[in-house]
Amino acid sequence: MAYLFGTGFEASDAIFLRGAILNGLNPSILARDCPAAKIRSLSNSAIIYNQGSRCGFIYCVLQGQVKLARVSHDGDELTTGMLSAGELFGPALGHSDSAEATETAVGRGSTTLWQVPAVQFRHLLLKQPEIALHVIGALSRRQHQMERRLECFAFKRAEARLAETLRELSGGFEMRCEHGFGRHIRLTQQELADLVGASRPVISTILNRLRKTGVLGYNREYLCVRGIADIERLIDC
């Protein structure tokens, strides 16, 4: 279900904005500056936009996760990012109109997004400089994350890169794990391998070793952990 901020914004929708980049912003300001914005609820594996398509929206993850992936001409897929609550994304980010998507965005699990036309989001930033500062900070953190990932690829072994990746993904872990661990994240071994920068067999070997210690468990769709710090201590980064 989607509620338009301009015509059907409800108190329940405001709850979703807590912890997001719009935290603390009066809903009436959103209704005024972003009248076409809406909240979208997605089912698992719902496509938000496809690589190569044009998209004129900015998105903010309010709940759940979004996977970003690029597909080669041969059909091979590479996971480039897993976004969690509070993160902005979209081809039009940094543009005042539509832009061509360089990756495909897919919802993972039950996902809730805030969707706004790029032109209205730009208007919001001009009217609300404190939100603009939050956006700059978020994009800066993402750039630093990419720089750390490149440094890991160059200087760290696969085990250490795995621990670093799990630390970066920690914001996306659900705190109530239904598989007997402390928390879990919807993530396949291949997706994790793509993010770590290693082959799936290498990641599988490391995960098997960690599973024997009892600090994590996994199946085809989930990775479950008792604590990121436990994994880091065992790997001895």
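Ile 185 stands opposite Leu 223 in strand β11, and this pair is a handy place to enter the predicted model. Ile 185 belongs to strand β9, which spans residues 183-186, while β11 covers residues 222-225. The two strands run antiparallel and are joined by four bridges. Along β9, Arg 183 and Ile 185 point one way, whereas His 184 and Arg 186 point the other way. This follows a familiar pattern: in a regular strand the side chains alternate between the two faces of the sheet. Both pairs of β9 residues are buried.

Stepping back for a moment, the protein chain contains eight helices and 11 strands. Of its 237 residues, 46% are buried. Contacts that reach across the sequence are well represented: among those between residues at least 6 apart, 69% join residues at least 24 apart.

The strands β9 and β11 are part of an open sheet of three strands, arranged in the order β9-β11-β10 with antiparallel pairing. Strands β9 and β10 (216-218) stand at the edges with a single partner strand each, so one side of each has no neighbour in the sheet. On average, neighbouring strands of this sheet are turned by 20 degrees against each other, with direction ignored. On the β10 side, three bridges join β10 to β11, and these strands also run antiparallel. Here Gly 217 has Cys 224 in β11 as its bridge partner. Helix α7 packs on the sheet and touches β10 and β11, its direction making about 130 degrees with that of β10.

Cys 224 also leads to the question of sulfur chemistry. How many disulfides does the structure hold? The count is zero, where a disulfide is a covalent bond between the sulfur atoms of two cysteines. Cys 224 is buried, with a relative accessible area of 3%. Cys 55 is likewise buried, at 6% relative accessible area.

Helix α7, which packs on the sheet, comprises residues 200-213 and includes Ser 204. Is Ser 204 buried or exposed? With a relative accessible area of 16%, Ser 204 counts as buried, because the cut-off for that class is under 20%. Apart from its neighbours within four places in sequence, Ser 204 is in contact with Gln 189 and Tyr 218.

Helix α7 also packs against helix α5, at an angle of about 75 degrees and with the axes 10 Å apart. The two helices are therefore roughly perpendicular to each other. At this contact, Ala 158, Glu 159 and Leu 162 in α5 meet Val 202, Ile 206, Leu 207, Arg 209 and Leu 210 in α7.

A second partner of α5 is helix α4. Helix α4 (residues 129-155) and helix α5 (residues 158-168) pack at an angle of about 165 degrees, and their axes are 10 Å apart. That angle makes α4 roughly antiparallel to α5. The crossing of α4 past α5 is left-handed. On the α4 side, the residues involved are Gln 145, Arg 148, Arg 149, Cys 152 and Phe 153, and they meet Arg 161, Glu 164 and Glu 168 in α5.

How many of the 11 residues of α5 are buried? Nine are, so α5 is largely enclosed by the rest of the structure. The buried set includes Ala 158, Glu 159 and Leu 162, which also meet α7. Arg 161 and Glu 164 are buried too, and both of these take part in the contact with α4.

Elsewhere, Phe 121 in helix α3 (residues 118-127) offers another view of the interior. Phe 121 is buried, with a relative accessible area of 4%. Which residues does Phe 121 contact, leaving aside its neighbours within four places in sequence? They are Ile 58, Leu 88, Trp 114, Val 116 and Val 135. The C-alpha atoms of Phe 121 and Leu 30 are separated by 9.5 Å, with their positions 91 residues apart along the chain.

A final point concerns the backbone. Most residues other than glycine have a negative phi, and most peptide bonds are trans. Ser 45 has a positive phi of about 70 degrees although it is not a glycine. Ser 45 sits in the loop between β1 (38-42) and β2 (47-49). At 45% relative accessibility, Ser 45 counts as partly exposed.

Conventions
Residues are numbered from 1 along each chain as its sequence is written. This is a predicted model: local features need pLDDT of at least 70, side-chain atom pairs count only at pLDDT 80 or more; totals for chains, interfaces and linings use all residues. Side-chain values use heavy atoms; hydrogens and water are left out. Buried means under 20% relative accessible area, exposed over 50%, partly exposed in between (1.4 Å probe, protein chains only). Two strands pair if DSSP finds at least two bridges between them. A disulfide is a pair of cysteine sulfur atoms within 2.5 Å. Axes are lines fitted to C-alpha atoms, for helices over the stretch in contact, and angles run from 0 to 180 degrees between N-to-C directions. Angles under 35 degrees count as roughly parallel, over 145 as roughly antiparallel, 65 to 115 as roughly perpendicular and the rest as oblique. A crossing is left-handed if the near helix is turned anticlockwise from the far one by less than a right angle, and right-handed if clockwise. Contact means heavy atoms within 4.5 Å.
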